[in-house]
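Visitor: I would like to learn how to read a structure like this one, step by step. Could you show me the features and tell me what each term stands for?

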Amino acid sequence: MIEHELESELSEEIELKKPKMYKVMLLNDDYTSMEFVVSTLMGIFHKSEEDAYAIMLRIHNNGSGLCGVYTYEIAETKVAHVSNSAKKSKFPLRAVMEEE
Ligand code: TYC
């Protein structure tokens, strides 16, 4: 087998074992209530109330904060759920994803 074939098989195998991971971050804004952010972190990101409160404060103080690290499709779904839930409650809360 020629060398590049071996190499691509090897890298395919590595990709199967270790998918790219994506950070999902919430962004601060001036209008979303702190309570809504805490609920979002508990409901969508499965944080405890204590962790959710600490993460919400970090976002409020620093502009953004890490909510979790997921594979591409799960991260996309989290971002979409935040967007739909915020829209429903008329808050401008936004989540973004970023390759780790
Ligand atoms: N800054 C908002 C306030 O003072 C609270 C907030 C926190 C909004 C985190 C968004 O991702 C956010 N009500």
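Guide: Let us begin with Lys90, which is exposed because its relative accessible area is 77%, where exposed means over 50%, buried means under 20%, and partly exposed lies in between, with a 1.4 Å probe and protein chains only. Lys90 lies in the loop between α4 and β3, and its phi is near 60°, a positive value in a residue other than glycine. This is a predicted model, in which local features need pLDDT of at least 70 and side-chain atom pairs count only at pLDDT 80 or more, while totals for chains, interfaces and linings use all residues. Residues are numbered from 1 along each chain as its sequence is written, and side-chain values use heavy atoms, with hydrogens and water left out.

Visitor: Which other residue, in the loop between α2 and α3, should I look at?

Guide: That residue is His46, whose phi is also positive, near 60°, although His46 is not a glycine. His46 is exposed, with a relative accessible area of 63%. Gly63, just after α3, takes a positive phi of about 100°.

Visitor: How many helices and strands are there in the protein chain, and how are such elements defined?

Guide: Helices (H or I, at least four residues) and strands (E, at least two) are DSSP runs, numbered from the N terminus. The protein chain holds 4 helices and 3 strands, and from the N terminus on they follow the order α-β-α-α-β-α-β.

Visitor: In what order do the strands stand in the sheet?

Guide: Strands of a sheet pair through backbone hydrogen bonds, either parallel or antiparallel. Two strands are counted as a pair if DSSP finds at least two bridges between them. Here 3 strands form an open sheet in the order β2-β1-β3, with antiparallel pairing. Because β2 (64-70) and β3 (94-99) stand at the edges with a single partner strand each, one side of each is left without a neighbour in the sheet. From one strand to the next, the twist averages 30°, where axes are lines fitted to C-alpha atoms, for helices over the stretch in contact, and angles run from 0 to 180 degrees between N-to-C directions. Strand β1 (residues 22-27) is joined to β3 by 6 bridges, the two running antiparallel, and Lys23 has Glu98 as its bridge partner in β3.

Visitor: Where is Met21 found, and which residues is Met21 in contact with, leaving aside its neighbours within four places in sequence?

Guide: Contact means heavy atoms within 4.5 Å. Met21 is found in the loop between α1 (3-17) and β1, and, with those neighbours left aside, Met21 is in contact with Val69, Tyr70, Thr71, Glu98, Glu99 and Glu100. Met21 and Thr71 are 50 residues apart in sequence, yet their C-alpha atoms are 4.9 Å apart in space. With a relative accessibility of 28%, Met21 counts as partly exposed.

Visitor: Which residues of α3 are buried, and which on the other side of α3 are exposed?

Guide: Ala52, Ile55, Met56 and Ile59 are the buried residues of α3. They cover an arc of only 105° around the axis, which puts them on the same side of α3; the arc is that of the directions from the helix axis to the C-beta atoms. Glu50, Asn61 and Asn62 are exposed on the other side of α3. The buried residues of α3 pack against β1, α2 (34-43) and β2, and helix α3 (residues 49-62) lies across β1 and β2, running at about 130° to β2.

Visitor: What does α4 pack against through its buried residues?

Guide: For a helix, the expected span is 1.5 Å times one less than its number of residues. Helix α4 (residues 72-88) has 17 residues and reaches 24 Å from its first C-alpha to its last, close to the 24 Å expected. Its buried residues are Ala75, Lys78, Val79, Val82 and Ala86, and they fall within an arc of 95° seen down the axis, so they line one face of α4. These buried residues of α4 pack against β1, α2, β2 and β3, whereas the face turned away from the buried side carries the exposed residues Glu73, Lys87 and Lys88.

Visitor: What share of the 100 residues of the protein chain counts as buried?

Guide: In the protein chain, 28% of the 100 residues count as buried.
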